[in-house]
Amino acid sequence: MTDWANILEPYEKLLQVRILGKSFRVPEHNLFLRCFQFLEPERVPHGDFCWNAECRNCACTLSRGGVARPVLACQTAAEEGDELTALSPQVQQVLAGVLKGR
Ligand code: FES
């Protein structure tokens with residue numbers, strides 16, 4: 001069983017975000033990569049991620065407030081209304097199940 005209290009930053013509510021056009025609810029105050037783990041707790045920990053801004057395997061394109069920019073999911077906290085419009089192959093791989101199922 002996942003010990004969320006030791007994995008996620010403390011949060012009180014879930015944010016609405018979109019990933020490749022699909023809606024998800026993820027915990028506030030948390031990095032996107034942690035949010036991906038929240039969505040796919042079995043797959044993300046086994047993904048090819050350094051969690052430390054070195055491998056760039058978590059690169060995504062974030063659209064926030066109408067402005068799109070490249071970000072690293074391990075360095076960028078999710079905010080309400082964020083949209084990820086492009087994902088690295090490694091992120092696509094670990095999120096394939098939830099992206100397909102919606
Ligand atoms: S996980 Fe390696 S740069 Fe983000």
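Visitor: How do strand 3 and strand 5 pair, parallel or antiparallel?
Guide: Antiparallel, over four bridges. Keep in mind that this is a predicted model. One pair you can look up is T61 with A86, its bridge partner in strand 5.

Visitor: And strand 1 with strand 5, parallel or antiparallel?
Guide: Those two pair in the parallel sense, over two bridges. R18 stands opposite E83 of strand 5.

Visitor: What about strand 1 and strand 2, how many bridges there?
Guide: Six, and the two strands run antiparallel. L14, for instance, has P27 in strand 2 as its bridge partner.

Visitor: What holds strands together in a sheet, generally?
Guide: Backbone hydrogen bonds, in either a parallel or an antiparallel arrangement.

Visitor: OK, so what's the strand order in the sheet?
Guide: The order is 2-1-5-3-4, an open sheet of five strands with mixed pairing. Strand 2 and strand 4 are at the edges with a single partner strand each, so each has one side without a neighbour in the sheet.

Visitor: What's the average twist?
Guide: From one strand to the next, the twist averages 35°.

Visitor: Which strands does helix 2 touch?
Guide: Helix 2 packs on the sheet and touches strand 1, strand 2, strand 3 and strand 5. Its direction makes about 105° with that of strand 2.

Visitor: And helix 3, which strands does that one lie across?
Guide: Strand 1, strand 2, strand 3 and strand 5. Relative to strand 5, helix 3 runs at about 120°.

Visitor: Which residues of helix 3 are buried?
Guide: V91, V94, L95, V98 and L99. They span an arc of only 145° around the axis, which puts them on the same side of helix 3. These buried residues pack against helix 2 as well as strand 1, strand 2, strand 3 and strand 5.

Visitor: What's on the face turned away from that buried side?
Guide: That face of helix 3 carries the exposed residues P89, Q93 and K100.

Visitor: Back to L95, what is it in contact with?
Guide: Leaving aside neighbours within four places in sequence, L95 is in contact with I19, F36, E40 and L87. L95 also shows up in the largest nonpolar core, which has 27 residues. Together with I19 and F36, L95 touches the most other members there.

Visitor: Which elements supply that core?
Guide: Each of these supplies at least two residues: strand 1 (14-19), strand 2 (22-27), helix 2 (32-39), strand 3 (59-64), strand 4 (67-72), strand 5 (83-87) and helix 3 (89-100).

Visitor: New topic: where is S88 found?
Guide: In the loop between strand 5 and helix 3.

Visitor: Buried or exposed?
Guide: Buried, because its relative accessibility is 6% and the cut-off for buried is under 20%.

Visitor: What does S88 touch?
Guide: Not counting residues up to four places away in sequence, S88 touches N57, C58 and A59.

Visitor: Last one, cysteines. How many disulfides does the structure hold?
Guide: Zero. Take C35: the closest cysteine sulfur to its own is in C60, 11 Å away, so that is too far for a bond.

Visitor: Is C35 buried or exposed, and how about C50: buried, exposed or partly exposed?
Guide: C35 counts as buried, at 0% relative accessibility. C50 is partly exposed, with a relative accessible area of 30%.

Notes
Residues numbered from 1 in each chain as written. Predicted model: local features only at pLDDT ≥ 70, side-chain atom pairs only at ≥ 80, totals over all residues. Heavy atoms only, no water. Core = buried A, V, L, I, M, F, W, Y, C linked by side-chain atoms within 4.5 Å. Buried < 20%, exposed > 50% of the residue type's maximum accessible area, 1.4 Å probe, protein only. Contact = heavy atoms within 4.5 Å. Pairing = 2+ DSSP bridges. Axes fitted to C-alpha atoms, helices over the stretch in contact; angles between N-to-C directions. Arc of directions from axis to C-beta. Disulfide = S-S within 2.5 Å.
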